[in-house]
Every structure is written in C-alpha cells, then in structure tokens.
Amino acid sequence: MVEGLAMNAIVGLAFSTKLGELDLTECFARMLRTATSTASGDTKEQQVILAGQVVSMNAIYTDLATIARNNLTSNLDVFERLMRLASKAQSNCRATAETLAAMQNPPTVFARQANIVNGPQQINNGPANRVRLARARKSEPGPNELLEAHGERLDNRETSSTSGGDSTLAPVAAIDRPKDGRR
C-alpha cells in the first residue's frame, strides 16, 4: 500500500461511490496499465479524460451561473458566492482545454544554435553555469606572435637598423618635450 499507484487507487475508490461497489485490486490493475502506457508515451487515454473534464467543467460553470442569476435579486451574498465558484469552474475548464491542446500539439522548441557541417564536428558552447568573467586589466605587450611559431622565428632575415634617409629631421620629443613630464 506504500506504492504511489495503490494510494491513488484508494483515493479513486473513495471518490467513486456513485459508480457502485468497486474492487481495489481491479482498480489498481487498471491504473497500473494506464500509467505504464502513459510512461511509454501513449497519452490517448489522458486526452480522452481531459476532453470529458472540459465538458464536465463547462456543465458545472453553466449550472452555477444559472443558479447565481436566479439569486441576483433575492440574495446578493449567495449570488456573489455562486459567481465566484462559476468563475473558478470556467477557469478550470480553460486550463484543462489548454492542457489538452498542449498534449495534442506540443510547443515548438527553437534551437539556440544550428551548426551544419559535412563530416565530424565538435561543438563547445562553454559551461552550463556561466561564471562571471574577471574585468579586463592592462597587460604588458608580449612578443610578436605572428612572426613566431613553436618557439622559432618565421622571419629569418636579420633585423635592420633605422635608416638615416632624412637627416635634417630631429626627434620631436627632444625639441618640444614639455617641462612637466606627466603630460
């Protein structure tokens, strides 16, 4: 009796007294068959139940709204209570219809990323838990990595000295250097 479906069978029996005398073992066996088919992906029986509940909730709403209308002039308090219950029945009817529609037409899931390739491909989207990245900081300039590969310099020419093509020009900093070096 500790098993979940057995407890549900007991609850079903307790609320099904209008159907007459029911056998607990038979109720449990039927509930087990239904749960097993649902777990394997077959939801037809649940859809039938939900469709019946939509009709039942609509009948409850209609009955409560009609009784409320009959009490509108005689007892405003009873009218208000009945209308609240009718509104709840209508809301439950709508929610049940939405659930049924979602079961029949599952929502479309759009992929975040589509990688189309001919052949093997590895996708690294990063960690699932995004970690806040550290702020950028000033870094010292490193060696020119474009001219190096595997520790060897790709440009095998000797470094040249600066040319003295226009010797009349002097460095700007030597002539126009400000007195305050911080500027």
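## Helix α3 against helix α4

The buried residues of helix α3 pack against α4 (76-104); buried here means under 20% relative accessible area, exposed means over 50%, and partly exposed lies in between (1.4 Å probe, protein chains only). In α3 the buried set is Gln47, Leu50, Val54, Met57, Leu64 and Ala68. Helix α3 itself covers residues 44-70, which is 27 residues, and spans 40 Å from its first C-alpha to its last. That is close to the 39 Å expected at 1.5 Å a residue, where the expected span is 1.5 Å times one less than the number of residues.

This is a predicted model, so a few ground rules help: local features need pLDDT of at least 70, side-chain atom pairs count only at pLDDT 80 or more, and totals for chains, interfaces and linings use all residues. Residues are numbered from 1 along each chain as its sequence is written, and side-chain values use heavy atoms, with hydrogens and water left out.

## Val54 and Thr96 at the packing

Val54 is a good place to look in helix α3. Leaving aside residues up to four places away in sequence, Val54 touches Cys93, Thr96 and Ala97; a contact means heavy atoms within 4.5 Å. Val54 and Ala97 are 43 residues apart in sequence, yet their C-alpha atoms are 6.2 Å apart in space.

From the other side, Thr96 sits in helix α4. Thr96 counts as buried because its relative accessibility is 12%. With the same sequence neighbours left out, up to four places away, Thr96 touches Leu50, Gln53 and Val54. Thr96 and Val55 are 41 residues apart in sequence and 9.9 Å apart from C-alpha to C-alpha. The side chain of Thr96 also reaches the backbone oxygen of Asn92 at 2.7 Å. Such a polar contact is a pair of N or O atoms within 3.5 Å; within protein, one must be able to donate a hydrogen and the other to accept it, and residues adjacent in sequence count only if both atoms are side-chain atoms.

## Where helix α2 meets α3

Thr34 lies in helix α2, residues 24-39. Thr34 counts as buried because its relative accessibility is 12%. Not counting residues up to four places away in sequence, Thr34 touches Glu45 and Gln46.

Glu45 also takes part in a salt bridge: its side chain meets that of Arg30 at 3.0 Å, N to O. This pair links distant parts of the chain, with Arg30 in helix α2 and Glu45 in helix α3, 15 residues apart. Arg30 is partly exposed, with a relative accessible area of 39%, and Glu45 is partly exposed too, at 27%.

## Salt bridges

Side chains of opposite charge can pair when their charged atoms come close. The structure holds five salt bridges, each defined as a side-chain nitrogen of Lys or Arg within 4 Å of a carboxyl oxygen of Asp or Glu. One of them joins the side chains of Glu26 and Arg33 at 4.0 Å, N to O. Glu26 counts as partly exposed at 46% relative accessibility, and Arg33 counts as partly exposed at 45%.

Another salt bridge brings together the side chains of Arg94 and Glu98 at 3.2 Å, N to O. Because Arg94 and Glu98 are four residues apart in helix α4, about one helical turn separates them. Arg94 is partly exposed, with a relative accessible area of 39%, and Glu98 counts as partly exposed at 48%.

## A nonpolar patch on the surface

Met7, Ile10 and Leu24 make a nonpolar surface patch of about 230 Å². Patches are made of residues with over 30% relative accessible area and no salt bridge; like charges are joined within 9 Å, and nonpolar side chains (Val, Leu, Ile, Met, Phe, Trp, Tyr) within 5 Å. Ile10 is found in helix α1, residues 4-14, and counts as partly exposed at 35% relative accessibility.

## The chain as a whole

Stepping back, the chain has five helices and two strands, in the order α-α-α-α-β-β-α along the sequence. Helices (H or I, at least four residues) and strands (E, at least two) are DSSP runs, numbered from the N terminus. Among contacts between residues at least 6 apart in sequence, 37% join residues at least 24 apart.

Of the 183 residues in the chain, 10% are buried. The chain exposes about 16600 Å², with carbon and sulfur atoms supplying 55% of it; accessible areas come from the Shrake-Rupley method with a 1.4 Å probe, and for residues, only the protein chains shown count as cover.
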